[in-house]
Structure formats: structure tokens, C-alpha cells
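Look at the sequence and the 3D view together. The paragraphs below follow the strands and then turn to a single residue.

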Amino acid sequence: MKKALLIFGGLCATGFLLLIVFIAFIAYTGRGLDKESKTYADAAIIAVTSQWNEKELTDRVSPQFMAAMRDPADVDRVVGMWRLLGPLKKYDGSKGDAHIELRGFRGKTITAVYVARAEFEHGSARIKISLIKSDGAWKILGFNVAPDSYPGLNAAQPNI
């Protein structure tokens with residue numbers, strides 16, 4: 001009986017130690033993912049919004065983003081609407097973080113979401129960017145621009 005209790009105690013201690021190591025690994029990895037995803041998000045937002053260049057956006061989008069587009073012309077149309085804001089004048093940086101979703105034997109999915117404020121020649125806006133890390137590279141899952149107001153336009157706010 002004592003031997004069984006010692007074995008059980010040893011197994012519990014080993015399991016607890018493995019859990020602590022796993023949590024420490026996730027915390028360490030998470031900080032690195034936060035840093036690299038924020039760097040990518042800030043660079044992508046600045047590249048796209050500086051002159052509202054749709055190529056800067058499409059060069060960075062994920063396959064999931066493109067698959068969700070019903071018509072490739074939608075990107076041109078939406079970026080054209082955002083272009084009414086004018087070029088980027090001031091960027092305040094983004095706030096957010098990365099997330100790791102463990103999917104059992106199917107692996108893991110790493111995503112990140114960031115929100116930023118920016119001022120443009122004709123107004124200001126809130127920008128939300130969603131990212132996914134695939135094959136070691138960050139890509140854009142979603143890009144949403146919510147202007148405080150559209151200059152000279154009363155239409156619905158376009159988003160992709």
C-alpha cells in the first residue's frame with residue numbers, strides 16, 4: 001500500500017511539474033508572439049494606409065482572406081472608399097496580442113488582433129487588423145477601417 005502511494009505521489013508530482021513547465025513555455029512563447037505580431041501589424045497598417053495602396057494589402061493577406069472575398073474587385077472598391085480619408089498623417093501604434101489555440105492532434109492555430117488609431121489628411125479612424133501565423137509567416141486575416149466620419153460621404157462604412 002505504501003509503495004502504491006509513493007508511486008501515485010511521484011506521478012502527481014511529475015504531472016504537476018510538467019504542467020508548470022508547459023505553462024512557462026506558453027507564457028514565454030506568447031510574449032515573443034506578441035512582439036513579432038505587433039511589429040507586423042504596425043508595419044502592415046502603415047504600408048496600407050500611407051497612400052491607401054491595395055497592392056500593399058493584397059501582398060500581405062492570408063489565403064483565408066482571399067477565399068472569403070466574393071469578388072477580387074471588392075478590395076479595390078473598399079480601398080477606394082478608404083482613400084477618401086487621404087494619406088496617413090499620424091499613427092498612434094496598435095494595441096492587442098497574439099493567441100495560441102491548441103487543436104489536439106491537428107496542431108495549433110496562432111492568431112493576433114490589434115486595434116490602432118490614426119489620423120489622415122481628411123479625418124481620423126480606428127483600424128482593426130486580424131492576423132494569422134502560417135508556415136512561420138504572419139498574414140492578414142481581416143482589415144477593418146472605421147472612420148470617425150467620411151468626408152463628403154453619407155454612405156455605409158465599407159470593411160473587409
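In this predicted model, strand 3, residues 123–134, pairs with strand 4, residues 137–147, in the antiparallel sense. The pairing runs over 10 bridges. One of these links is between Leu-131 and its bridge partner in strand 4, Ile-140. Strand 3 and strand 4 form a hairpin, with two residues between them. In the turn sits Asp-135, which has a positive phi of about 55 degrees.

Strand 3 also pairs with strand 2, which covers residues 108–120. This pairing is antiparallel too and has 11 bridges. Here Leu-131 in strand 3 stands opposite Ala-112.

How do the strands fit into a sheet? Four strands form an open sheet, and their order is 1-2-3-4, with antiparallel pairing. Strand 1 (88–102) and strand 4 are the edge strands, as each pairs on one side only. On average, neighbouring strands of this sheet are turned by 20 degrees against each other, direction ignored. In a regular strand, side chains alternate between the two faces of the sheet.

Now go to strand 1, where Ser-94 is found. Is Ser-94 buried or exposed? Its relative accessibility is 6%. Buried means under 20%, so Ser-94 counts as buried. Leaving aside neighbours within four places in sequence, Ser-94 is in contact with Lys-38, Ala-41, Asp-42, Tyr-114, Val-115 and Ala-116. With Asp-42, the side chain of Ser-94 also makes a polar contact of 2.7 Å, side chain to side chain.

Note on methods:
Residues are numbered from 1 along each chain as its sequence is written. This is a predicted model: local features need pLDDT of at least 70, side-chain atom pairs count only at pLDDT 80 or more; totals for chains, interfaces and linings use all residues. Side-chain values use heavy atoms; hydrogens and water are left out. Two strands pair if DSSP finds at least two bridges between them. Axes are lines fitted to C-alpha atoms, for helices over the stretch in contact, and angles run from 0 to 180 degrees between N-to-C directions. Buried means under 20% relative accessible area, exposed over 50%, partly exposed in between (1.4 Å probe, protein chains only). A polar contact is a pair of N or O atoms within 3.5 Å; within protein, one must be able to donate a hydrogen and the other to accept it, and residues adjacent in sequence count only if both atoms are side-chain atoms. Contact means heavy atoms within 4.5 Å.
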